[in-house]
Structures are given as C-alpha cells and as structure tokens.
Amino acid sequence: MNDSKNKVRFNIFDIIIILAVIACIAAVVLKVAYFDKRNDVSEQIIVDFTVYDIMDNTAASASKGNVYLAGSDALIGEIISAETESNQVYIEEDGAAKPHDNPLGKKNLHGKIKFAGISSETGFFIDGKTKITVGSTVAVYILDPLTGNGAAVEITINSIEKAE
C-alpha cells in the first residue's frame, strides 16, 4: 500500500500545459531570431527637404556636408544637393497682396539628403529611434568636414524615396 501513495499521476492537462510552455518558448526564439534580425538591415533613402527662414550665411553653411542628429550627435546622412532661394513675403500694394523678397534677407534652403536607417511596418527610422514621415520636422546639425563650417537647422521632410 505504501507504493500507491508515491505513484505520480500524469494526465492530459499536464500534457497541455507542457505543450503551451514549449510553444511560448518557440515563439520567443522565433521572434528574436527571425523577425528582429530582418529589420536590422540598413536601407538607404533619399529625402527631399526644406529649411525655412534662415539667414544667408546659415544657408551657405548648411548646403553641403554630413548630417548629424541634433539630440544624439549621431551621423545619419549626407547632403546630396542643395540650393537656396529668397524667402517671399506678401505686401499689400494697390489692394492686392504681392510677393516680395524678405526684407530681412532670410532664405529657404531646398535639397536632398541620403539617409541610412531601418524600415519597418510603421515607417522609416533614421537612427533606429527617430521616425520620419512626409511633413515631419527633424532637428539636425550639418557639418562640412572639409571646411569645418556647420549649422544647426530644422529640416522639413517633403518626400521620401528609396535610394538606387
């Protein structure tokens, strides 16, 4: 009779619990090994940007060079092309608003930046954390490595396309 008290009982509910634990472990391993690694691939994109209302010397400093994220000083891209134009203000003349060059000498800077980052289902992340979308603004520092000139500006994203 002593032997029946020490006997281990094993039933269908124990098997279900063991299978559930194994399935959870397999799901975690699969997520870490496959899904997270897939998004670590760095992609190249071209961003069309504009910087509004900056002084002429700031526009000249920000028109070429490497692009750094202002908050973390991480190198995130490089200016491909840039051009400045006069900032237009509207002044009423003869009962109509007419455009004139900004009397303070302010400029707009338009250009293209090549970014590297991670693409996901929700958007593009330029440093793995900073999401960019069309219409969003990003604070960056542009530094020309040849001259050492640079400028801190806030770029507005106009379009995003994959680099070839």
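Where in the chain's secondary structure does Asp-53 lie? Asp-53 sits in strand E1, and we'll come back to its backbone further down. This is a predicted model, in which local features need pLDDT of at least 70, side-chain atom pairs count only at pLDDT 80 or more, and totals for chains, interfaces and linings use all residues. Residues are numbered from 1 along each chain as its sequence is written, and side-chain values use heavy atoms, with hydrogens and water left out.

**Overall layout**

- The chain has 3 helices and 10 strands, where helices (H or I, at least four residues) and strands (E, at least two) are DSSP runs numbered from the N terminus.
- Reading from the N terminus, the order of elements is α-α-β-α-β-β-β-β-β-β-β-β-β.
- The C-alpha trace spans about 110 × 45 × 30 Å along its principal axes.
- The radius of gyration of the chain is 28 Å, while a compact globule of 164 residues would come in near 15 Å; that radius is taken over C-alpha atoms, and the globule rule is 2.2 Å times the number of residues to the power 0.38.
- Of the 164 residues, 24% are buried. Buried means under 20% relative accessible area, exposed means over 50%, and partly exposed is in between (1.4 Å probe, protein chains only).
- Take the contacts with a separation of 6 or more: 64% of them join residues 24 or more positions apart. Contact here means heavy atoms within 4.5 Å.
- About 11100 Å² of the chain is exposed, with carbon and sulfur atoms supplying 56% of that area. The areas come from the Shrake-Rupley method with a 1.4 Å probe, and for residues only the protein chains shown count as cover.

**The nonpolar core**

- The largest nonpolar core holds 24 residues, and Val-67, Phe-115, Ile-126, Ile-132, Val-140, Val-153 and Ile-155 have the most contacts inside it. Such a core is a set of buried Ala, Val, Leu, Ile, Met, Phe, Trp, Tyr and Cys residues joined through side-chain atoms within 4.5 Å.
- Two or more residues each come from strands E1 (42-54), E2 (66-69), E3 (75-86), E6 (107-120), E9 (137-143) and E10 (150-162). E1 gives the largest share, 5 residues.
- Phe-115 has a long contact list once residues up to four places away in sequence are set aside: Glu-43, Gln-44, Ile-45, Val-47, Val-67, Ile-76, Gly-77, Ile-126, Ile-132 and Ile-155.
- In soluble globular proteins, nonpolar side chains tend to be buried together.

**Two buried strand residues**

- Leu-69 is in strand E2 and counts as buried, at 7% relative accessibility.
- Beyond its neighbours within four places in sequence, Leu-69 touches Ala-74, Ile-76, Ile-126, Asp-127, Thr-130, Val-138 and Ala-139. Leu-69 and Val-138 are 69 residues apart in sequence, yet 8.0 Å apart in space, C-alpha to C-alpha.
- Thr-156 belongs to strand E10 and is buried too, with a relative accessible area of 16%.
- With neighbours within four places left aside, the contacts of Thr-156 are Asp-48, Phe-49, Thr-50, Tyr-52, Gly-135, Ser-136 and Thr-137.

**A nonpolar patch on the surface**

- Phe-10, Ile-12, Phe-13, Ile-15, Ile-16, Ile-18, Leu-19 and Ile-22 make up a surface nonpolar patch with about 840 Å² of accessible area together. Patches use residues with over 30% relative accessible area and no salt bridge; like charges are joined within 9 Å, and nonpolar side chains (Val, Leu, Ile, Met, Phe, Trp, Tyr) within 5 Å.
- Ile-18, one of the patch residues, lies in helix H2 (residues 12-38) and is partly exposed at 42% relative accessibility.

**The salt bridge**

- The whole structure has 1 salt bridge, meaning a side-chain nitrogen of Lys or Arg within 4 Å of a carboxyl oxygen of Asp or Glu.
- The partners are Glu-43 and Lys-162, at 2.9 Å from N to O. Glu-43 is in strand E1 and Lys-162 in strand E10, so the pair ties together parts 119 residues apart in sequence.
- Glu-43 is partly exposed at 22% relative accessibility, whereas Lys-162 is exposed at 59%.

**Positive phi**

- Most residues other than glycine have a negative phi.
- Asp-53, back in strand E1, has a positive phi near 55° and is partly exposed at 44% relative accessibility.
- Asp-94 also has a positive phi near 55°. Asp-94 is in the loop between strand E4 (88-93) and strand E5 (96-101), and is exposed, with a relative accessible area of 79%.
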